[in-house]
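User: I'd like to learn how to read a structure like this one. Could you walk me through it?

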Amino acid sequence: MRVQKRAIPGAWPSPRSNRRNHREKVRRRRDGVFERYLTGRVFLCILFGIGLGHFFTDTFQAILALLLGLSAITVPWETLLLSVLVYIVIPLIIANLWRSWAAGL
């Protein structure tokens, strides 16, 4: 006849911690390559951008001149205002309404 040893509290994982560990393993398995190595890829992209800027300075200076308005391209004020309205103001209003609707649930 075998004598059962008494369990020491905290010596064996509880069923709750087993479930938690199982959920963690399942979640880790579900993470694809995209989620798993995202930080490393962002770091590499930053280094790549710095390298491009170092080796192709003339190209980036031309793009910067266009962005700063040092070119002869004229953009009408109506176009600027419409683009700000469509791409900034309307999405902010929709997001605000959505957030207030979701908070009311």
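User: What percentage of the 105 residues of the protein chain count as buried?

Analyst: Buried means under 20% relative accessible area, with a 1.4 Å probe and protein chains only. Here 1% of the 105 residues count as buried. This is a predicted model, where local features need pLDDT of at least 70. Residues are numbered from 1 along the chain as its sequence is written.

User: Which element has the highest mean pLDDT, and which the lowest?

Analyst: pLDDT is the predictor's confidence in each residue, from 0 to 100. Where it is low, the predicted coordinates should not be read in detail. Among the elements of this chain, α5 has the highest mean, 92, and helix α1 (residues 15-30) the lowest, 64. For the whole chain the mean is 79.

User: Why does the span of helix α5 agree with its number of residues?

Analyst: The expected span is 1.5 Å times one less than the number of residues. Helix α5 (residues 77-103) has 27 residues and so should span 39 Å; its end C-alpha atoms are 37 Å apart, which agrees. Helices here are DSSP runs of H or I, at least four residues.

How values were computed:
Predicted model: local features only at pLDDT ≥ 70, side-chain atom pairs only at ≥ 80, totals over all residues. Heavy atoms only, no water. Buried < 20%, exposed > 50% of the residue type's maximum accessible area, 1.4 Å probe, protein only. Helix = DSSP H or I, 4+ residues; strand = E, 2+ residues; numbered from the N terminus.
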